[in-house]
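Here's a quick bench-side briefing on who sits next to what in this model. Have the structure open while you read, and click through the residues as they come up.

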Amino acid sequence: MKYQDLYSKSINEPGEFWRNQADNLAWYEKPSTILGKDEYEYPQWFKDGKLNVSYLCIDKHIEDGFGEQNAIIYDSPVTNTKQFITFNQLHQEVARLAGGLHNLGLEKGDTCVIYMPMIPQALYAMLACARLGVIHSVVFGGFAPHELAIRIDDCKPKAIITASNGIEIERIIPYKPFVDEAIVEAMHKPEHVVVYDRSLGVDIPNKPYDVNYTELVSKSEPIAPVAVESNHPLYILYTSGTTGKPKGIIRDSGGYATALKFSMKHVYGVEEGDVYWAASDVGWVVGHSYIVYGPLLNRNTTVLFEGKPIKTPDASTFWRVISEHQVKVMFTAPTAIRAIKKEDPEGHHIKRYDLSCLKYQFLAGERCDVATLSWTEQHLNVPVIDHWWQTESGWPMLANMAGVELMDVKPGSASFPVCGYDIQVLSEEGKEVASDVEGYVAVKLPMPPGCLLNLWGNPERFKSGYLNKFPGYYFSGDGGYKDEDGYVFITGRVDDIINVAGHRLSTAEMEEVVASHPSVAECAVFGVHCDLKGQKPLGLVVLKSGTKISEETITKGIIKDVRREIGAVASLKDVLVVNRLPKTRSGKILRKLLRNISDDLKYNIPSTIDDVNIISEIETVYKKHQIGIHKSEISI
Ligand code: COA
Ligand code: AMP
């Protein structure tokens, strides 16, 4: 069936369409109600169905006779390790760990934080929780103890599963000590911390709550999967919002499994048994959906890569992994390609490998610039597919659905709505805008299965953040437009969220840290263009009068504070001192104007600005620090 037919069916007959997809899963109890609604008219999928996602990812394939197929290929250039883990072995690891967690008292409905590097035990931990109906919340390793503490206090885990350490190229990241620090800071105290010791010579001080992962697994009996309701949360994944407090996206079980299975075949075009690689991290949604659950549900072999596109050891790593493990479909962020392109602009490394196994290269996580797209197409010589989605959706919303019909690519566009997503571009008044007119990108309800169920402990924020702006729609937070052929172009966030190297970060959160520096009177943090990472944060600070400390000491101190409080991933490296910030007459800081000046964009100076002379002051500071080069036309 061609894309347009399949898509129309998904929009016109969603119940029938998704019932058929749900039939591809081995439910314990098949759902009779396909599409229900909650009190806000928000969809609830397969409400009376029962299943277990860990069972579907592992046991089912063994029952079908594929126990000896590789489930995971762990490739770690940072430790020089390669490990091939079959479904039978995965079953042993997961079922025993689940047995151990059960012995520690974890049961269906409890929460468990997972703070781990890219090692197989991270996947075992996720799947063991899913086996018990324990709701996991994976926290990305680049976040500092303070951020971990915020998440611990929000989801109140009974246990934390962690590892002694991670490795960033050559740097040892002390995961377990970070967990200890976070527990000191958090109000909520988990009962157990299960620690996987990587034996990398890191000193791990013993705490009364510590449980040795390896001993726990060796002492425990395997445990059977627990049947859960379709709406039972599989996980909570925190993502940045427009305030300092991250939002806990809740993902259901049945809708998510149905959507992921559908996407593996219809979006990514892989069949059972194929090798699939998403070069991301289990701490992000891409890792949840396309390192762990999607490929394993579809009986694909998933590649778990503990390394970077460059420096581990060089810009050839991606091509080595594709060729060596016969990867059919690969998924990464444009920033990773830009990093490779910078080191190897002529693509010499690519020519050293036989990449004939590769059928499609997918890109997402940030806007894909045309230069990156063309370079990748030219050097890989396969379709390069930009697709758009977010933590909230859990799976692609816009894509060239390679498994259905490969459409022509329009550079700069993530192509068309994926089946189930009625994507519209709306005006401020909530009316659909004409072709080529930019507006707010929204999805007409009902959202298809797999999208967020709610926000953990905060249904009000869920409603106000996503559903209230345009009644009857889910608002994505992105701006964009549709051209006359129906291709959708995402132009970027319309809020204060920024995207740094494919990582979604909140400038409000950084501003909170900057503002708390004793010498800072006021500040603004916003995203500016970066050739490598797409965007990077820039902080402008006004110092308290009478401050005697040097500007350099203050700005260095602020950069350190942000790294300590939020983590290395925040990547705040530029903080500039200014005499004042541009504001409206009512005192609102004009962040968009500050960003547009630095990014060399055409801008209007708002008529509400309190003093127009401030613009030239800001430009002088930018020029002095070589932030952007101002050539824009200015109009008032
Ligand atoms: N644990 C601890 N620290 C981490 C970390 C982790 N898991 N991941 C990143 N960091 C640290 C980095 O070491 C870096 O520290 P530094 O400032 O001391 O150098 C900092 O966080 C910023 O990381 P990042 O923004 O990733 O920059 P980078 O210079 O290390 O690497 C790229 C740049 C482009 C190579 C890298 O960002 C990349 O591979 N991106 C792919 C994007 C991706 O996977 N996105 C997920 C969605 S698809
Ligand atoms: P995250 O929730 O971390 O996955 O980040 C989601 C955000 O990243 C989206 O709201 C977009 O702003 C941006 N994004 C992701 N993929 C794309 C893409 N293909 N094109 C443009 N922006 C993207």
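What follows is a run through the two ligands and then the empty spaces. Keep in mind that this is a predicted model. Ligand 1 has 25 residues around it, while ligand 2 has 15. Beyond the ligands, there's a pocket of about 320 Å³, the second largest, and a set of eight cavities of 30 Å³ or more.

**Ligand 1**

- Start your look around ligand 1 with Glu168, Arg171, Lys533, Arg563 and Lys573, which come nearest of the 25 residues.
- Two side chains to pick out are Lys573, with a polar atom 2.7 Å from an oxygen of ligand 1, and Arg563, where an N or O atom sits 2.8 Å from a ligand oxygen.
- Val569 joins in through its backbone, with a polar atom 3.5 Å from an oxygen atom of ligand 1.
- On its own, ligand 1 would expose 940 Å², and the protein buries 85% of that.
- Sort the shell by class and you get 12 nonpolar, seven polar and six charged residues.

**Ligand 2**

- The closest residues here are Asp386, His387, Thr391, Asp478 and Arg504.
- Asp478 uses its side chain: an N or O atom there is 2.6 Å from an oxygen of ligand 2.
- Nitrogen atoms of ligand 2 meet the backbone, at 3.1 Å from an N or O atom of Gly365 and at 3.4 Å from a polar atom of Glu366.
- Ligand 2 taken alone has 490 Å² of accessible area, and the protein covers 93% of it.
- Its shell splits into six charged, five polar and four nonpolar residues.

**The second largest pocket**

- This pocket has 18 lining residues, and Glu551, Leu576, Val577, Val621 and His625 are the ones nearest its centre.
- Three elements each put at least two residues into the lining: α17 (551-565), β32 (574-577) and α19 (614-624).
- Of the contributors, α19 gives the most, with five residues.
- The lining is made up of seven charged, seven nonpolar and four polar residues.

**Cavities**

- The largest cavity comes in at about 70 Å³.
- Its lining counts 13 residues, with Pro43, Trp45, Pro448, Cys451 and Leu452 nearest the centre.
- What is that lining made of, by class? Nine residues are nonpolar, three are polar and one is charged.

Conventions
Residues numbered from 1 in each chain as written. Chains lettered and ligands numbered in written order. Predicted model: local features only at pLDDT ≥ 70, side-chain atom pairs only at ≥ 80, totals over all residues. Heavy atoms only, no water. Near = heavy atom within 4 Å. Polar contact = N/O pair within 3.5 Å; in protein donor to acceptor, adjacent residues only side chain to side chain. Areas by Shrake-Rupley, 256 points an atom, 1.4 Å probe, with all protein chains shown as cover. Nonpolar A, V, L, I, M, F, W, Y, C, P; charged D, E, K, R; others polar. 1 Å grid on protein atoms, 1.4 Å probe; cavity = no way out; pocket = protein on both sides within 12 Å on 5 of 7 lines; lining within 4 Å. Points joined across faces, edges and corners; volume = space filled by probe spheres on them. Helix = DSSP H or I, 4+ residues; strand = E, 2+ residues; numbered from the N terminus.
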